[in-house]
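Please walk through the fold of this protein, from its sheets to its helix contacts and its internal space.

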Amino acid sequence: MGRLSRRAFGLAAISTLTTASGSASAAPAAPAAPAALARRPRAVREMRGVWIASVANRDWPSRTGLTAAQQRAELIAHLDRAVADRLNTVMLQVRPTADALWPSPYEPWSQYLTGTQGKAPGWDPLGTAVREAHHRGLELHAWFNPYRIALQTDPAKLVASHPARRHPEWVVRYGGKLYYNPGLPEVRSFVQDAILDAVEKYPVDGVHFDDYFYPYPVAGQTFDDDAAYDEYGGGFDTRADWRRDNIDRLVLETAARIREIRPTTRFGISPFGVWRNVATDPLGSSTRAGVQSYDDNYADTRKWVREGWIDYLVPQLYWNIGFAAADYATLAPWWAEVARGSRTKLYLGEALYKAGDPAQPAAWQDPAELSRHLTLAKDHPELCGHVFFAAKEVSADPIGAMARVVADHYQQPARSSR
């Protein structure tokens, strides 16, 4: 069976705080510190993040067609709210649908800015976001969706210069959307080039992928990659193995190129929260999830952590404590065990968007549900923080779930966990 050969990645140098001590003969000893200072706890280091989604104007901009000043003001408001809630990191979606929220030579300006794909918004959103985030002491992780092209299936609706129109052989229609085919080496190279352009131009603190690799299954539909599989899949026992290898290659190659271009920039991924159910694989979690990232997105998320291929992972644990099919209280310790001994930092994705939603189970009507998640996670030292989906709910906080998290867990500021 063909496999991607394992690459060795050296551990990144870890900065440590050191205390300089002067020579005893140079000056009299300093007076003893007050008892209160001596008891002061060490600075907290943990991820406290929020996703800001631009796709379909989910979080920002709130709608298309705002002026540059209005777009900037909305973005700044999200950053200020993150600071007010003592968060330390924002994941800003800058490539939602094979487009760009910065002046890119590879892809058009995003339609979610002006309403017209390819139309310049009159300012540089990513450049501004990096500068303003850093000014506020926030990390800015640029969030990219690798393969999604459009939320519709007609390539003619894309701007004429769009790469998907210049290379129709790269495109697959599936589930009412357009995708680049992950099985084509030229697609993988192009996607990386488009992403790395932002890393070269801006001092982003992180490159961030979400959970969309191969698309989630749609009943009765087939992702048509027959021609690519015929050409490139000959060394694999199954199409599934070949697809996972394609995603492994994307992850490894992207990680290597980021380190080459900007070594201080971290690479992180936020996958679906279940790798595999234990009924499918004895290494899996005691869950009964209808989707498994290994089998359905062809993303071997457990391997990426165990092998240390990426700097951090944020599994989306978007279920409440006690949820029968996928219990948060089961998955958090399972992921902690996966991360034990790995160089990959583990954070947990939190479903703030469910808090107070009447369509959700009773647990999500309790403002304390998310706070309980953070309390549970403290029992597992491998769990180094949390990221909240998403910015709109951080601002609105309809039942006070975020306020409860801040009151219970974020009374002191924290530096991000690196």
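What follows is a tour of a predicted model, taken one region at a time.

Start with the barrel. It is closed by 8 strands, and their pairing is parallel. Going round, the order is β1-β2-β3-β7-β8-β9-β10-β11. One pairing can be picked out in detail. Strand β8 covers residues 266-269, strand β9 covers residues 312-313, and 2 bridges join them. These two strands run parallel. Within this pairing, Ile-269 has Leu-313 of β9 as its bridge partner.

Helices pack on this sheet. Helix α11, residues 328-339, touches β9, β10 (345-350) and β11 (383-388). The direction of α11 makes about 160 degrees with that of β10. Helix α12, residues 369-377, also packs on the sheet, where it touches β10 and β11. Here the angle is taken against β11, and it is about 165 degrees.

A second sheet is built on another plan. Strands of a sheet pair through backbone hydrogen bonds, either parallel or antiparallel. This sheet is open, with 3 strands in the order β4-β6-β5 and antiparallel pairing. Its edge strands are β4 (148-150) and β5 (171-174), and each of them pairs on one side only. From one strand to the next, the twist averages 35 degrees. Strand β6 spans residues 177-180 and pairs with β4 over 2 bridges, in the antiparallel sense. In that pairing, Arg-148 stands opposite Tyr-179 of β6.

Now turn to helix against helix. Two packed helices are described by the angle between their axes and the distance between the axes. Take α12 again, this time with helix α14 (residues 401-409). Their axes come within 7 Å and cross at roughly 35 degrees. The crossing is right-handed. On the α12 side, the residues are Leu-370, Ser-371, Leu-374 and Thr-375. They meet Arg-404, Val-405, Asp-408 and His-409 of α14. By class, this contact has 3 nonpolar, 3 polar and 2 charged residues.

The other pair is α2 and helix α4 (residues 125-135). They pack at an angle of about 35 degrees, with axes 11 Å apart. Here too α2 passes α4 in a right-handed crossing. From α2 come Arg-72, Leu-75, Ile-76 and Leu-79. From α4 come Pro-125, Thr-128, Ala-129, Glu-132 and Ala-133. The residues of this contact divide into 6 nonpolar, 1 polar and 2 charged.

Where is empty space left inside? Rolling a probe the size of a water molecule over the atoms shows where empty space is left. The structure holds 1 cavity of 30 Å³ or more. About 50 Å³ of space lies in the largest cavity. Its lining consists of Val-50, Ile-52, His-78, Arg-81, Ala-82, Leu-87, Val-90, Ala-391, Val-394 and Ser-395. Three elements each supply at least two of these residues: β1 (47-52), α2 (68-84) and α13 (391-396). So what is the chemical make-up of this lining? It divides into 7 nonpolar, 2 polar and 1 charged.

The backbone has some unusual spots. Most residues other than glycine have a negative phi, and most peptide bonds are trans. The loop between β1 and α2 holds Ala-56, whose phi is positive, about 55 degrees, although it is not a glycine. Pro-61 lies in the loop between β1 and α2 as well. The peptide bond from Trp-60 to Pro-61 is cis, with omega near -15 degrees.

Further along the chain, the bond from Phe-389 to Ala-390 is cis too, with omega near 5 degrees. Ala-390 sits in the loop between β11 and α13. Asp-397, in the loop between α13 and α14, has a positive phi near 45 degrees.

One residue ties several of these places together. Arg-58 is found in the loop between β1 and α2. Leaving out residues up to four places away in sequence, Arg-58 touches Ala-53, Tyr-353, Phe-389, Ala-390, Lys-392 and Glu-393. Both residues of the second cis bond, Phe-389 and Ala-390, are among these contacts. Arg-58 and Tyr-112 are 54 residues apart in sequence, and their C-alpha atoms are 9.6 Å apart in space.

Key. Residues are numbered from 1 along each chain as its sequence is written. This is a predicted model: local features need pLDDT of at least 70, side-chain atom pairs count only at pLDDT 80 or more; totals for chains, interfaces and linings use all residues. Side-chain values use heavy atoms; hydrogens and water are left out. On a 1 Å grid over the protein atoms alone, a cavity is a set of points where a 1.4 Å probe fits but cannot get out, and a pocket is an open set with protein on both sides within 12 Å along at least five of seven lines; lining residues have an atom within 4 Å of a point. Grid points are joined across faces, edges and corners, and a volume is the space filled by probe spheres set on the points. Helices (H or I, at least four residues) and strands (E, at least two) are DSSP runs, numbered from the N terminus. Ala, Val, Leu, Ile, Met, Phe, Trp, Tyr, Cys and Pro count as nonpolar, Asp, Glu, Lys and Arg as charged, and the others, Gly among them, as polar. Two strands pair if DSSP finds at least two bridges between them. Contact means heavy atoms within 4.5 Å. Axes are lines fitted to C-alpha atoms, for helices over the stretch in contact, and angles run from 0 to 180 degrees between N-to-C directions. A crossing is left-handed if the near helix is turned anticlockwise from the far one by less than a right angle, and right-handed if clockwise.
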